[in-house]
Amino acid sequence: MAEKKQQVKVPKKKASRREKKDWVAGYLFIAPVTLGLLVFYIFPFIQNFWFSFNNVNKFNMATFCGLENYSKMIVDTELYQTLWNTLKYVVITVPVGLFLSILLAALLNSEIKGKSFYRTIYFLPSVTMSVAVSLIWKWIYNGEYGILNAILKVFGLEGQNWLSNQSTAFYCVMIVGIWCSVGYNMIILLAGMQGISKSLYEAAAIDGAGPKDQFFHVTMPMLTPTIFFVMITSIIGGFQVFDTIYMMIGKTSMAYESCQTMIAMFYRYGFEFGKKGYAAAISIFVFLIIMVVTAFQMWGQKKWVNYD
Amino acid sequence: MKKSKNIRHLFVHIILLAGVTITITPFLWMVFTSFKTLGESMAIPPTIFPSKWQLDAYTKIFTSIPFAQVYLNTIISAVVTVLLQVAFCTMAAYGFGRIDFPFKNTIFLIVLSVLMVPGQIFLIPQYLIIMHMGLLDTIPAVFIPNLFSAFGTFLMRQFFMSLPKELEEAAILDGCNRFQIFGRIMLPLVKPGIVSLVIFTAKFAWNDFMWPMIVNTSPTKMTLAPALSTLQGQYGTRYPMQMAGAVMAVMPIIILFFIFQKQFIEGVAQSGIKG
């Protein structure tokens, strides 16, 4: 239907008065968002790119310096350290988080009582302010008075200063990241599971498939588009992790270096050290990495995601 | 047969309840600590419930930092963000979704391109724009860039596109103009979308951290997230006070969540299906 209508329009005469009135109305409707995005997002995108070729001093004066920021970046060991940390964060939190949220969604996708109670509770962390969450967990991990060490002691285990120990701090932050996002992703996956047609399960049951077979041969394959969606958004979110790291690992912490992510580095150069040109270059680097990873995913999805 | 099902359900409940415990314990620990005295918070071994429920930490936070002002700042910036962002996005979504005009698809593509870019890319220039506007350290600095959302426009457009075309054609024949159609016919029909967007935006505006921390640095102009973060720097060992701040900071959104949990959860569930 829609196509036919457009074809009728193709031999364009002059636009009728009503059409022109519609144009004006259309432009008026989109004006605030379009102009706002132009001024506060699209122009800044271009300017940020320009800044990455400039030295921007403390007084925000920019002087062109060509590729200096980029050539500095290529040999900056701090950047590679933060890149490594960020990759580690993504590679650990995304699969673990995904596994837990699929598990919970699968358990809730049955005729079990109290479903909405569970859903509500699991969703709670994802509406909670990340800064507050970080304060709470920092208090839990506290080496002297923290509840975690007290609990461990009950089981006869020796506690420690979780957040200032280089070998544990980053994992502690990862746990908080997972704690925050599992419920949110579970809701999306559960909705995906509930969207799978009942007839598929009936057919599988007729063929003699038990609950386990049904899960692995019906639910999982049909769920792959949703899993893919959750995976992509989690990976992008993981590359941008900042709040929990900034809050939980202070500058004076022994574990500081082993926990800094790329966005944390961007923030410090841009807004603490007053090196906005270099920070701009870092942000472009982060953007490129996210693009490459996402493009790789889009290419890889053909091999495992089912679309009907 | 029935018995084995019961056992299986029991097993499932045990796992789910373990998850509930892990999810809920930090919240309880926050609340309990906030009512303890400083001394009790550092007791070894720790007490679980406060031996006496004290409001000390709550009163102290109001005298140590301008907490009431910070709270008000957060409310103002969240309310303005929600009202204007939702209004602008809904209007634009109607324009992009249901009106034909030249260059519509090109403009929409430009709008969408904003969605593809990680937000940090915009921060430095946004900061400089706000600075040149002379708005650093003011409440508008916190909300101005957030009034315009490509995500919100995209989300609302999906809702408008799902409505039947005939609705407008009849109204146009009746002599309604576009603005009347939008206000009287369309808005009531996309109400579920508006509710979703209001929730998303409110949650985001209330919890946002990096941007308000960058633009507003004086204690009386801060919003909650950055103010809580400074609490940690200044009163690093006063855990009851930090927890009291955290309780008050998370309460409004959690209350909102309990009232509108169906809409919260459905909004998120749909994001996977639509995406």
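## Working through a predicted two-chain model

Chain B is built from 15 helices, with zero strands. Keep in mind as you go that this is a predicted model.

**Exercise 1.** Work out how the radius of gyration of chain B stands against that of a compact globule of 275 residues.

*Solution.* Start with the expectation: for 275 residues, a compact globule would come out near 19 Å. Now take the chain itself: chain B has 24 Å. Then look at the box, where the C-alpha trace of chain B spans about 75 × 70 × 30 Å along its principal axes.

**Exercise 2.** Do the same for chain A, and say what its radius of gyration tells you about how spread out it is.

*Solution.* First, the elements: chain A has 14 helices and two strands. Next, the numbers: its radius of gyration is 25 Å, while the globule rule gives 19 Å for 308 residues, so chain A is more spread out than a compact globule. Finally, the box: the C-alpha atoms of chain A fill roughly 85 × 70 × 35 Å along the principal axes.

**Exercise 3.** Put together a profile of each chain: burial, contacts, surface and charge.

*Solution.* Take burial to begin with. In chain A, 52% of the 308 residues count as buried; in chain B, 52% of the 275 residues do.

Contacts come next, looking at those with a separation of 6 or more. Residues 24 or more positions apart make up 66% of them in chain A and 71% in chain B.

Then the surface. Chain A exposes about 15800 Å², with carbon and sulfur atoms supplying 66%. For chain B the accessible surface is about 12600 Å², and 70% of that belongs to carbon and sulfur atoms.

Last, charge. Chain A carries 26 positive and 16 negative charges, whose mean positions are 13 Å apart. Chain B has 19 positive and 10 negative side chains, and the centres of those sets lie 11 Å apart.

**Exercise 4.** Find the residues that touch the most other members of the largest nonpolar core, then follow A:I282 outwards.

*Solution.* The core holds 187 residues, and the ones touching the most other members are A:L37, A:M129, A:I282 and B:L16. As for who gives the most to this core, that's helix 8 of chain A (residues 169-194), with 17 residues. Now zoom in on A:I282: leaving out residues up to four places away in sequence, it touches A:M73, A:L79, A:M262, A:M265, A:F266 and A:Y269.

**Exercise 5.** Is B:T153 buried or exposed, and what does it touch?

*Solution.* Locate it first: B:T153 sits in helix 8 of chain B, residues 150-161. Its relative accessibility is 0%, so B:T153 counts as buried. Setting aside residues up to four places away in sequence, B:T153 touches B:C89, B:A92, B:A93 and B:F96, plus A:V33 from chain A.

**Exercise 6.** Place B:I194 and list its contacts beyond four places in sequence.

*Solution.* B:I194 belongs to helix 11 of chain B, residues 191-207. Its contacts, sequence neighbours aside, are B:V86, B:T90, B:M156 and B:L187. For a sense of distance, try B:L17: it lies 177 residues from B:I194 along the chain, and their C-alpha atoms are separated by 34 Å.

**Exercise 7.** Which residues of helix 7 in chain A are buried, and what does the backbone do just after that helix?

*Solution.* Within helix 7 of chain A (residues 147-154), A:I147, A:N149, A:A150 and A:L152 are buried. Step just past the helix and you reach A:G156, which takes a positive phi of about 75°.

How values were computed: Residues numbered from 1 in each chain as written. Chains lettered and ligands numbered in written order. Predicted model: local features only at pLDDT ≥ 70, side-chain atom pairs only at ≥ 80, totals over all residues. Heavy atoms only, no water. Buried < 20%, exposed > 50% of the residue type's maximum accessible area, 1.4 Å probe, protein only. Helix = DSSP H or I, 4+ residues; strand = E, 2+ residues; numbered from the N terminus. Core = buried A, V, L, I, M, F, W, Y, C linked by side-chain atoms within 4.5 Å. Contact = heavy atoms within 4.5 Å. Rg over C-alpha atoms; globule rule 2.2 N^0.38 Å. Areas by Shrake-Rupley, 256 points an atom, 1.4 Å probe, with all protein chains shown as cover. Lys, Arg positive; Asp, Glu negative; His and termini not counted. Charge placed at Lys NZ, Arg CZ, Asp CG, Glu CD.
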